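Here are my notes after a look through this one. Could you read them with the model open beside you?

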Amino acid sequence: MRQKVLAGNWKMYKTHSEARAFLDQFIPLIAGRDPKRTVILCPPFTTLETLCAAAGDHFDVGAQNLHWEPQGAYTGEISAPMLLEMGIRHAIIGHSERRQYFSETDESVNKRLRAAQHQGITPILCVGEGLTEREDNETDAWICRQLDHGLEDANLENLIIAYEPIWAIGTGKTCEAPEANRVIAMIRTHLGASNTPILYGGSVKPGNIDELMTQPEIDGVLVGGASLEAESFARIVNYK
Ligand code: PGA
């Protein structure tokens, strides 16, 4: 059976003290969860250490990006060895906000992804279509292109994929669960990687998590807004 993964992407939210307050509330709420569910919190770089100190067996910590070089003159970037020394084993790569606002391309995404794998960090590769591609019936072709470029020379064994339709991110519009299931099945067939966990992301909330997780192809979720509040993310982790 594939791993179940409940991941929270905090984006550019929470100071150190706000992160501490979240953890004080969140950790007791997930204490009784099924240990087979992997919980990953991906905070901004400034709160990675706060989360690592509190993680224990409660959750794993992930970064929101990393650079492909181990070190160098790259102002504003951080590298895989920096994360590894803190005990971090996951990193989101190729989030649509990185692609949209920070000019990340399939090529830079691929470089970051391969560097992560090479150093022993599991990348969470984000793919997904915009509204234009969806309306033009280009969804599957768009995603296959992102996969083919993003995963060139990559190792499918050390990988998590997140299908995140851009039109559903932060908009309150969730992709219908059966459609998310269909796209994820398409991704799995395209890659021929039956063991790779594939998550859904885009307006996941306490009110839709149970239905999403009944879908056979959906192995978990990548959650933005609803991961910022301890009670709502705990409800997502404790899905029924
Ligand atoms: P959202 O974000 O849950 O706020 O829609 C998801 C994401 O960007 O990963």
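1. Ligand contacts. Keep in mind that this is a predicted model. I'd start with Gly 225, where a backbone N or O atom sits 2.8 Å from an oxygen atom of the ligand. Two side chains also come in: a polar side-chain atom of Lys 11 is 2.8 Å from a ligand oxygen, and an N or O atom in the His 95 side chain is 2.7 Å from an oxygen atom of the ligand.

2. Who surrounds the ligand. There are 13 residues around the ligand, and the nearest of them are Lys 11, His 95, Glu 164, Gly 170 and Ser 203.

3. The largest pocket. The space in the largest pocket comes to about 860 Å³. Its lining is made up of 39 residues, with Asn 9, Lys 11, Met 12, Gln 64 and Glu 97 lying nearest the centre. So Lys 11 turns up here as well as among the residues that come nearest the ligand. By class, the lining has 17 polar, 16 nonpolar and 6 charged residues.

4. What builds that lining. Helix α4 (96-101) and strand β8 (220-223) each put at least two residues into the lining of the largest pocket. Of the elements, α4 gives the most, with 5 residues.

5. Backbone at Lys 11. Most residues other than glycine have a negative phi. Lys 11 is not a glycine, yet its phi is positive, about 50°. You'll find Lys 11 in the loop between β1 and α1.

6. Backbone at Ser 103. Ser 103 also has a positive phi, near 55°, without being a glycine. Look for Ser 103 in the loop between α4 and α5 (106-119). Is this residue, Ser 103, buried or exposed? Ser 103 is exposed, because its relative accessible area is 60%, and the cut-off for exposed is over 50%.

7. Helix α10. Why is α10 (residues 230-237) described as largely enclosed by the rest of the structure? Because 6 of its 8 residues are buried, where buried means under 20% relative accessible area. The buried ones in α10 are Ala 230, Ser 232, Phe 233, Ala 234, Ile 236 and Val 237.

8. What covers α10. The cover over the buried residues of α10 includes the strands β1 (4-9), β2 (37-42) and β8, along with the helices α1 (16-29) and α9 (209-214). Note that β8 appears in this cover and also supplies at least two residues to the lining of the largest pocket.

Methods: Residues numbered from 1 in each chain as written. Predicted model: local features only at pLDDT ≥ 70, side-chain atom pairs only at ≥ 80, totals over all residues. Heavy atoms only, no water. 1 Å grid on protein atoms, 1.4 Å probe; cavity = no way out; pocket = protein on both sides within 12 Å on 5 of 7 lines; lining within 4 Å. Points joined across faces, edges and corners; volume = space filled by probe spheres on them. Helix = DSSP H or I, 4+ residues; strand = E, 2+ residues; numbered from the N terminus. Nonpolar A, V, L, I, M, F, W, Y, C, P; charged D, E, K, R; others polar. Buried < 20%, exposed > 50% of the residue type's maximum accessible area, 1.4 Å probe, protein only. Contact = heavy atoms within 4.5 Å. Near = heavy atom within 4 Å. Polar contact = N/O pair within 3.5 Å; in protein donor to acceptor, adjacent residues only side chain to side chain.
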